[in-house]
Amino acid sequence: MELVVFILAVTLVSVGAFWLLGTLYGLIHRPAVYFPVSLAGKMATAAVLGAWFFGIGGIILGTLIFNAEMKKRQDYRRWPTIIAGATVTTICTVIIYLAVLFLAWGIFN
C-alpha cells in the first residue's frame with residue numbers, strides 16, 4: 001500500500017511541478033503561452049523515465065517534447081525555446097528528485 005501512495009505522490013508532484021513552471025513560463029512569454037496539463041504530463045513522464053533509464057536523458061527528452069510543442073506556434077524561435085525548455089525541465093527534475101527523497105523517507109520510514 002505504501003508503494004501505491006508513493007507512486008501517486010511522485011506523479012502528482014512531477015506533473016504539478018511541470019505544470020506550475022510551464023504556466024509561469026507562459027505568463028512571462030509574450031504573447032502569452034497556454035501550458036496544458038497534458039503537456040506537463042508528457043514532460044514529467046519523459047523526465048522521470050529518461051532520468052531513470054538514461055541519466056541526463058530526462059532533461060534532453062523533456063526539452064525535446066517542449067520544443068516540439070512550441071514549434072506549432074507562429075511566434076516560435078528555436079534557441080530561446082530550447083533554453084526555456086531545458087531550464088524548466090532541469091528545475092522540475094531537481095524538484096522531482098528532492099520530492100522522491102523526502103516522500104520515500106516519510107512514507108517508508
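Reader: Where does Leu 49 lie, and what makes that element count as one?

Author: Leu 49 lies in helix 2. A helix here is a DSSP run of H or I with at least four residues, numbered from the N terminus. Before we go on, please note that this is a predicted model, where local features need pLDDT of at least 70, side-chain atom pairs count only at pLDDT 80 or more, and totals for chains, interfaces and linings use all residues. Residues are numbered from 1 along each chain as its sequence is written, and side-chain values use heavy atoms, with hydrogens and water left out.

Reader: Why is Leu 49 called partly exposed?

Author: The relative accessible area of Leu 49 is 44%. Buried means under 20%, exposed means over 50%, and partly exposed is in between (1.4 Å probe, protein chains only), so 44% falls in the middle class. Leu 61, in helix 3, joins that class with 33% relative accessibility. From Leu 49 to Leu 61 it is 12 residues in sequence and 9.2 Å in space, C-alpha to C-alpha.

Reader: What does Leu 61 touch, and how do you know that it is a contact?

Author: Leaving out residues up to four places away in sequence, Leu 61 touches Ala 46 and Gly 50. Contact means heavy atoms within 4.5 Å, and these pairs meet that limit.

Reader: Is Ser 14 buried or exposed, and what makes it so?

Author: Ser 14 has 4% relative accessibility and therefore counts as buried. This serine lies in helix 1. Beyond its neighbours within four places in sequence, Ser 14 is in contact with Ala 44, Val 48 and Ile 96.

Reader: How many aromatic pairs does the structure hold, and what makes two rings a pair?

Author: There are 2 aromatic pairs. Rings of Phe, Tyr and Trp (its six-membered ring) pair if their centres lie within 6.5 Å; planes under 30 degrees apart count as stacked, over 60 as edge-to-face and the rest as tilted. In one of the pairs, Tyr 25 and Phe 66 are 5.4 Å apart, centre to centre, with 70 degrees between the planes. The distance is within the limit and the angle is over 60, so this pair is edge-to-face. Tyr 25 belongs to helix 1 (residues 2-28) and Phe 66 to helix 3 (residues 57-70), so the pair ties together parts 41 residues apart in sequence.

Reader: Why is the pair of Phe 35 and Phe 66 called tilted?

Author: The ring centres of Phe 35 and Phe 66 are 6.3 Å apart and the planes stand at 35 degrees, which is neither under 30 nor over 60, so the pair is tilted. Phe 35 sits in the loop between helix 1 and helix 2, while Phe 66 is in helix 3, so this pair ties together parts 31 residues apart in sequence. Tyr 25, Phe 35 and Phe 66 form one aromatic cluster. Tyr 25 and Phe 66 are buried, and Phe 35 is buried too.

Reader: What makes Arg 78 lie over the face of Trp 79?

Author: Arg 78 is 5.7 Å from the ring centre of Trp 79. A charge sits over a ring if NZ of Lys or CZ of Arg is within 6 Å of the ring centre and within 35 degrees of the ring normal, so this placement qualifies.

Reader: What lines the largest pocket, and how do you know that a residue belongs to the lining?

Author: A pocket is an open set of points on a 1 Å grid where a 1.4 Å probe fits, with protein on both sides within 12 Å along at least five of seven lines, and lining residues have an atom within 4 Å of a point. Ala 47, Val 48, Leu 49, Ala 51, Trp 52, Thr 93, Ile 96, Tyr 97 and Val 100 line the largest pocket. Helix 2 gives the largest share, 5 residues. The lining divides into 8 nonpolar, 1 polar and no charged residues.

Reader: Where is Arg 73, and why is it called partly exposed?

Author: Arg 73 is in the loop between helix 3 and helix 4. With a relative accessible area of 25%, Arg 73 is partly exposed. Apart from neighbours within four places in sequence, Arg 73 is in contact with His 29, Pro 31, Ala 32 and Val 33. Of these, Pro 31 lies in the loop between helix 1 and helix 2, and a cis peptide bond, with omega about -5 degrees, joins Arg 30 and Pro 31.

Conventions:
Helices (H or I, at least four residues) and strands (E, at least two) are DSSP runs, numbered from the N terminus. Ala, Val, Leu, Ile, Met, Phe, Trp, Tyr, Cys and Pro count as nonpolar, Asp, Glu, Lys and Arg as charged, and the others, Gly among them, as polar.
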